[in-house]
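Welcome! Open the model in your viewer, and let's walk through a few stops together.

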Amino acid sequence: MEINQIINYLIEIADSPDKAVKLSCEKNHKNAVGWVAPYAPEEIIYAANCIPVGLWGGEVELRKARTYLPAFACSIMQSIMEYETRGTYDILKAVLIPAVCDTLKCFGQKWKGACPAIPFVYPQNRRVQSAELFLENEYRLIIKKLEDILNVDITEEALRESIILYNDYRAAMREFTEIAAMHTTTISPTVRHQIIKASYFMDKKEYLCYIKKLNEKLRLQPAEHSKNKRVVVSGIMLEPKGILSHFEALGIDVVGDDLAQESRQFRTDVPFAGDALKSLARQWINHNACSLAFDPYKQRIQHLVDLAHHSKADGVVLALMKFCDPEEYDVPIIMSRMKEENIPLLVIEVGQQATAFEQINTRLQGFIESMDY
Ligand code: SF4
């Protein structure tokens, strides 16, 4: 397959999640198990011989969601709730719901989909040993519930194989983001986003083959020396896609990210820590520089500065998800540190229900102009 064919295939997957998940289940003779953003132990779902499907909401008009969620619940959860009530997730056999913020703590009790929900808690104080033990137990409960629902055995061997596959996937994705930064004409902001997003709707083994092939082919191409402005993006996610088309129209390349939907997913490998559950739990303990994992020293800020330097970025765009408290707390600290470092910063508010982006377009335009001074 040529570069364009791989890219088009992955874009098609990202554009039609329902169709892609159905096809992947049929092709691999597997069931689908969902997990609500931002994080979940996908390895456990994969070890149950199921396709893990990441639920990150989408661009949908809210009709029934407001009946179950307050207007100030974040825009991702509003979209997910809307899809639940419309039966979009009926293909799933179960759904994992992580409690990493106040909205998600309630969300675990409000699931309206047809399949059973499995809420679980990520411990936030990760510096005490009990945090790891607690999470191992949470994962043990998830296994037990999945085994009962799916009528399968999730073995230690299957978990280990799954961990190896996922670490391989993470390494390939880190490589992809590095190569993408050198080929920003081929891998435009929208293409980059869609390629990463496709991984949520496919069997990881199959996705990995495509991404490795793409990396290999892109590596053989000369670096593209675009004259566009280079930015690093940070936040939960950078959607709706309409925003990215403004990046492209204005000549802005994405050369690195600190998005929960993108690099934060594959930044931290699962370390070898004895048995599989201990290893999976240790990964959360090692997961740093993230607004959704208690970060008393705010390592995220230094990470952003390092990422901006490493990517030779002209600036940073912070995409602030509407009504996401954990992200909002970081904004003033990021603003003052970027000022100190002389790194141009633009904070834009994003929401999945938005349909017009003229205001963001104007702000991006002003941001580009300010970088030239
Ligand atoms: S409030 Fe933030 S962290 Fe919580 S679910 Fe919404 S986007 Fe995710």
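Start by selecting Ser75 and Gln352: the Ser75 side chain comes to 2.6 Å from the backbone nitrogen of Gln352. Keep in mind as you look around that this model is predicted. Now add Gln353, whose side chain makes a polar contact of 3.5 Å with the side chain of Ser75. Ser75 belongs to helix 5, which covers residues 75-86. Is Ser75 buried or exposed? Its relative accessible area is 3%, so Ser75 counts as buried. To see what surrounds Ser75, show its contacts beyond four places in sequence: Met321, Lys322, Gly351, Gln352 and Gln353.

Next, head for the nonpolar interior. The largest nonpolar core has 118 residues, and Leu96, Leu146 and Phe176 are among those with the most contacts inside it. Color helix 8 (residues 156-180), which gives this core its largest share, 10 residues. There is also a second, separate core of 14 residues, including Leu307 and Ile343. Back in the first region, select Leu96 and look for its contacts, among them Trp35, Ile118, Phe120 and Leu146.

Phe120 leads to the rings. The structure holds 15 aromatic pairs. In one of them, the ring centres of Phe120 and Tyr122 are 5.1 Å apart with planes at 70°, so this pair is edge-to-face. Phe120 is buried at 2% relative accessibility, and Tyr122 is buried at 4%. Add Tyr39, Tyr139 and Trp284 to your selection, and you will see the cluster that ring pairs form with Phe120 and Tyr122.

For a last stop, find Lys30 over the face of Tyr46, 4.0 Å from the ring centre. Then select Lys204, which lies over the face of Tyr169 at 4.8 Å from the ring centre.

Terms used:
Residues are numbered from 1 along each chain as its sequence is written. This is a predicted model: local features need pLDDT of at least 70, side-chain atom pairs count only at pLDDT 80 or more; totals for chains, interfaces and linings use all residues. Side-chain values use heavy atoms; hydrogens and water are left out. Helices (H or I, at least four residues) and strands (E, at least two) are DSSP runs, numbered from the N terminus. Buried means under 20% relative accessible area, exposed over 50%, partly exposed in between (1.4 Å probe, protein chains only). A polar contact is a pair of N or O atoms within 3.5 Å; within protein, one must be able to donate a hydrogen and the other to accept it, and residues adjacent in sequence count only if both atoms are side-chain atoms. Contact means heavy atoms within 4.5 Å. A nonpolar core is a set of buried Ala, Val, Leu, Ile, Met, Phe, Trp, Tyr and Cys residues joined through side-chain atoms within 4.5 Å. Rings of Phe, Tyr and Trp (its six-membered ring) pair if their centres lie within 6.5 Å; planes under 30 degrees apart count as stacked, over 60 as edge-to-face and the rest as tilted. A charge sits over a ring if NZ of Lys or CZ of Arg is within 6 Å of the ring centre and within 35 degrees of the ring normal.
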